[in-house]
Amino acid sequence: MPSSGPGATATQATPHNGPVTEKENEQSGADLLVESLLASGIRTVFGLPGVQLDPAFDALARRADRVRVYHTRHEQATSYMADGYARASGELGCCLVVPGPGVLNAMSGLATAYACSSQVLCVAGQVNSQHIDAGRGVLHEIPHQLEMLRSVVKWSGRASRPEDVPVVVAEAVRQMRTGRPRPAAVEVPPDVLDATAGTAMTAPELDGRPPIDGSRLEQIAGLLHGAERPLVMAGGGVLQSDATADLAELAERLEAPVLLSPNGKGALSARHRLAFEGPLAGDLVNGADVILAVGTRFASPGGWRWRLRPEQQLLRIDADPEELTRDVVPHVAVEADAQAALELLADLLPPRPPTAWRGLDELRERVRAEVDSIEPQHSLGMAIRRALPDDAILVHGMTQVGYWSRVGYPVYEPRTFIGSGYQGTLGFELPTGLGAQVGRPDRRVVVTVGDGGLLFNIQELATAVQHGIPVTVVVFNDNAYGNVRRMQRQRFGRLIASDLRNPDFVRLAESFGARGARVEGPEALEHAVRQSLDGEGPALIEVPVGEMPDPFPILMRARART
Ligand SMILES: Cc1ncc(C[n+]2csc(CCOP(=O)(O)OP(=O)(O)O)c2C)c(N)n1
Ligand SMILES: [Mg+2]
């Protein structure tokens, strides 16, 4: 029985295209699965095998010439790697996990992909069809697995017969590739992987986008044209739809500052005179009379929606119709892919007189000074930036320097700044970086992580060494869940469960077969990162640090101003 995610229609399996007479024309469900992945452009699978997936892995082995399998040490890493791969490359990520505990392990990665609008297909095993949800206690059985998956994906479906497999995979891919990109899940029980059927491949229907409402776009163009101080706000949706050139074009035509959300960093180069971010974002939002928000939740640094004065006009473009009106109802809302809408919009804008914005350069200087004052996070973060080429990818972790990076680290190219979004999933750092590196072997990938976050998934250093994935991991070691410890001290005046006794990180890295180094201070860090990029294979750089000052009062200040 195929099943669907929230708001999605259930997929119906197509009947045979005529009777199948020749047994040799038949394919197993497992072969159909692999062929369906290939037909969707998936050439890379992050997976961890187990009995219910044996036929699927066997089929992958037979197509080893077309699909590369990266096996990990924990299913958490399969979904994180698929997410990093998808966000760095713009291609579909794919993870393959056994049912029950395997699916549960992969869910934090799927939740992160959901939060970051990332295209990850989870292929989940199941127990045999007759045992599903029957409560018999067969291996890996958990009730309502599909419903559970549905809470972290846009759409999920089950193939109940081998001939369903291409249909369900095609629908999952259509869901990921149209509208708001988000993860999807496909469940295939082992008896379905083993059974055979003669069936044709189903190509995903990718033209299902709603047509753009031209009159609303014209309204937006008119309001932007008449604005004294237009502001463009850009989020991850601009990156996901590869609309960065269109964004720059629009901003330059309008001479409008562009406020980048942390997920939108890289949508306009940090070197662009119109690119803004950071704690003084509230000044831009307060100062604007017309605001165009594209591919963004319209959230302030604290995660709350910006509050506007009645005379300010909000215009929104988003691929997700629910996002368009959530919490704040805009003056004009256009449901559209950011790239398609921005391209049309730039053409609708006649040349305009200069805007009334003044002092933008001074504002940028003030932003920089504020963010640069967060030390030692700023010096350590900038040491990494200096060591890296413009197009290097930074996976910024749930650690003190990582928080600073959300507004302080200059990003010059699209898809080069990857975080865990509103999910804040500690432990995503290393596996996400590995996936990003697999997705972009031509780029250098650096991961920043705390000593706490690193040990969530340290076992994946083995994956990095085994598969030759040359990431650089910078671990800031304060022997603590530092963020928690600081909060405990500030709020309760006592400590619990936040001190950490760590292994020797350098020797640990070396025992995996990776390179290890320990350095102190920004200069030594810059040097060590440069050196790591010159060498072979993965490298870990430990940076012993003390307790760092709370960056959040500055990072969150925009909220208080609105
Ligand atoms: C999966 C998950 N579990 C728990 C948390 C809560 N949490 C947020 S920050 C943090 C401490 C992180 O410690 P570390 O990685 O060493 O970074 P530091 O703050 O010390 O730089 C914890 C436990 C979380 N964000 N995600
Ligand atoms: Mg720490």
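**An open parallel sheet and its cysteines**

In this predicted model, 6 strands (DSSP runs of E, at least two residues, numbered from the N terminus) form an open sheet with parallel pairing, in the order E11-E10-E9-E12-E13-E14. Two strands pair if DSSP finds at least two bridges between them. Strand E11 (275-276) and strand E14 (332-335) stand at the edges; each has a single partner strand, so one side of each is left without a neighbour in the sheet. Strand E9 (residues 230-234) and strand E12 (residues 290-294) pair over 5 bridges in the parallel sense, and here Val-232 stands opposite Leu-292 in E12.

Helices (DSSP runs of H or I, at least four residues) also pack on the sheet. Helix H8 (residues 214-226) touches (heavy atoms within 4.5 Å) E9, E12, strand E13 (313-318) and E14. The direction of H8 makes about 135° with that of E14; axes are lines fitted to C-alpha atoms, for helices over the stretch in contact, and angles between N-to-C directions run from 0 to 180 degrees. Helix H10 (residues 244-254) touches E9, strand E10 (258-260) and E12, and its direction makes about 165° with that of E9.

What about the cysteines? With a disulfide taken as a pair of cysteine sulfur atoms within 2.5 Å, the count comes to 0. Cys-116 has its closest cysteine sulfur, in Cys-95, 15 Å away, too far for a bond. Cys-122 is in no disulfide either, the nearest cysteine sulfur, that of Cys-95, being 4.0 Å away. Cys-122 is buried (under 20% relative accessible area; exposed is over 50%, partly exposed in between; 1.4 Å probe, protein chains only), at 1% relative accessibility.

Residues are numbered from 1 along each chain as its sequence is written, and chains are lettered from A and ligands numbered from 1 in the order in which they are written. Local features need pLDDT of at least 70 and side-chain atom pairs count only at pLDDT 80 or more, while totals for chains, interfaces and linings use all residues; side-chain values use heavy atoms, leaving out hydrogens and water.
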